[in-house]
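Subject: Structure for your review

Dear colleague,

Please find below the structure that I am handing over to you. My findings follow directly after it.

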Amino acid sequence: MFTVHQWINPSPVLMRDVYCGTLIELAIENENIVALDADLISSSGMKPFFSRFPDRAIQCGIAEANMIGIAAGLSAVGKIPFAHSFGSFATRRACDQIMISAAYAKQNVRIIGTDPGITAAYNGGTHMPFEDMGVMRSIPEITLIEPTDPVMLDDLLRQLVLLNGVFYVRMARKNTEAIYEEGSTFEIGRGNVIFEGDDVTIISSGIMVAEALKAAAILKGDGINAKVVDMFTWKPIDRALIADCARKTGAIVTAENHNIVGGLGSAVAEAVCATHPVPIEMVGVNDRFGQVGTEEFLREEYNLTADAIVDATVRVINRKS
């Protein structure tokens, strides 16, 4: 069960601090938990874990493919590995190892990719993963998650310790908007309806959830009632919810901090085509590379804004009519 904040404000808690703090709590209870790092202990906020559990923390260096191989090996002997790096390197650079050593081999590996999309900001295009979920989505049997805020991240990490399989978690490192109230819980594979409406559905994830809620407020002032869905699990995607939204609202807008090619919009479109076809508009990165800039500049540059969602909503409703 979850509860959404009435007002959207930045969370005072960094996502990386939740990642480290929750893993420490879990590792105290479970001696099989191991953390693997690719020369990003400070950036990932994992110094406290490495200090607390030096015998369960492995510094793999700038060798992400090797890190995934080690994680798979640890899984094979009963450990519960969490391997983290920037999203671009955790996926593109280690894709074959994730495919063969982890997923094909039926291992139990959790991969944490940080700085998704424009949140990489000053690290620029080489470190700005607009394609990570698309790359991972093509791997059989993998679960793909994009936590929305610190409350969700904490709950999902606790669940991942108890689950088997390969998981890719795409998470911001620093502040996000606080969407959910403390104590909220979430079901992997099920989307959250966080705002009701019957004219159109906005399906979003990650940093775009807050933008979707802002867009819904603007649209409501114009007499358009938008349902907002937080689709934090990209795979397996909640086809039943998508079909229900398509039937009830007749139009869908997707919003993602990712390339629309192979991303959330593609996954939603596949589900819509297979269940209840309706007009769809996609807000996201339009097949471009990243660049250096502030997150604010990059939001405008790549049209990852509430205004862009509003414009897409008007277009899709016109198509619906």
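Val34 has a relative accessible area of 7%, under the 20% limit, and therefore counts as buried. The model is a predicted one. Val34 belongs to strand β2, which covers residues 33–37. Leaving aside residues up to four places away in sequence, Val34 is in contact with Arg56, Ile58, Leu74, Lys79, Ile80, Pro81 and Phe82. Of these contacts, Leu74 is 40 residues away along the chain, and its C-alpha atom is separated from that of Val34 by 8.4 Å.

Domains and their interface

The protein is divided into domain 1, residues 12–179, and domain 2, residues 192–314. Taken over C-alpha atoms, the centres of the two domains are separated by 25 Å. Domain 1 contributes 30 residues to the contact and domain 2 contributes 34. The size of an interface is often expressed as the accessible area lost when the parts come together. Here domain 1 and domain 2 bury about 2,400 Å² between them, and 62% of that area lies on carbon and sulfur atoms. Ile118, Phe130 and Arg137 supply 33% of the area that domain 1 buries against domain 2, more than any other three residues.

Between domain 1 and domain 2 there are 16 residue pairs in polar contact, both residues being at pLDDT 80 or more. On the side of domain 1 that touches domain 2, at least two residues come from each of α6 (132–137), β6 (143–145), α7 (150–160) and β8 (177–180). The largest share, four residues, is that of α6. By class, this side of domain 1 has 16 nonpolar, seven polar and seven charged residues.

Across the interface of domain 1 and domain 2, one salt bridge is found. The side chains of Arg137 and Glu270 meet in a salt bridge, with 3.2 Å from N to O. Arg137 is in helix α6 and Glu270 is in helix α10 (residues 264–275), 133 residues apart. Arg137 is buried at a relative accessible area of 17%, whereas Glu270 is partly exposed at 41%.

Ser205 and Glu146

The side chains of Ser205 and Glu146 make a polar contact at 2.5 Å. Ser205 is placed in the loop between β10 (200–204) and α8 (208–221), and Glu146 in the loop between β6 and α7. Ser205 has 0% relative accessibility and Glu146 has 2%, so each counts as buried. Not counting residues up to four places away in sequence, Ser205 touches Glu146, Asp230, Met231, Trp234, Ala255 and Leu264. On the same basis, the residues touched by Glu146 are Pro116, Met133, Met152, Arg170, Ser205, Gly206, Phe232 and Trp234.

Other salt bridges

Side chains of opposite charge can pair when their charged atoms come close. The count for the model comes to 19 salt bridges. One of them joins the side chains of Arg170 and Asp132, at 2.9 Å from N to O. This pair links distant parts of the chain, with Arg170 in strand β7 (residues 166–171) and Asp132 in helix α6, 38 residues apart. Arg170 is buried at 0% relative accessibility, and Asp132 is buried with a relative accessible area of 0%.

Glu301 forms a salt bridge with Arg288, the closest N and O atoms being 2.8 Å apart. Glu301 is in helix α11 and Arg288 is in the loop between β14 (280–285) and α11, 13 residues apart. Glu301 is partly exposed at 29% relative accessibility, and Arg288 is partly exposed at 34%. In addition, a network of salt bridges links Glu211, Lys214, Glu295 and Arg299.

Backbone geometry

Most residues other than glycine have a negative phi, and most peptide bonds are trans. Asp39, although not a glycine, has a positive phi of about 65°. Asp39 lies in the loop between β2 and α2 (47–52) and is partly exposed at 45% relative accessibility. Asn303 is likewise not a glycine and has a positive phi of about 60°. The loop between α11 (295–301) and α12 (306–320) holds Asn303, which is partly exposed with a relative accessible area of 47%. The peptide bond from Lys235 to Pro236 is cis, with omega near -5°. Pro236 is found in the loop between β12 (233–235) and α9 (239–249).

With kind regards

Notes: Residues are numbered from 1 along each chain as its sequence is written. This is a predicted model: local features need pLDDT of at least 70, side-chain atom pairs count only at pLDDT 80 or more; totals for chains, interfaces and linings use all residues. Side-chain values use heavy atoms; hydrogens and water are left out. Domain bounds come from an automatic or database domain assignment. Contact means heavy atoms within 4.5 Å. Buried area is the accessible area (1.4 Å probe) that two parts lose on being put together, summed over both. A salt bridge is a side-chain nitrogen of Lys or Arg within 4 Å of a carboxyl oxygen of Asp or Glu. A polar contact is a pair of N or O atoms within 3.5 Å; within protein, one must be able to donate a hydrogen and the other to accept it, and residues adjacent in sequence count only if both atoms are side-chain atoms. Ala, Val, Leu, Ile, Met, Phe, Trp, Tyr, Cys and Pro count as nonpolar, Asp, Glu, Lys and Arg as charged, and the others, Gly among them, as polar. Buried means under 20% relative accessible area, exposed over 50%, partly exposed in between (1.4 Å probe, protein chains only).
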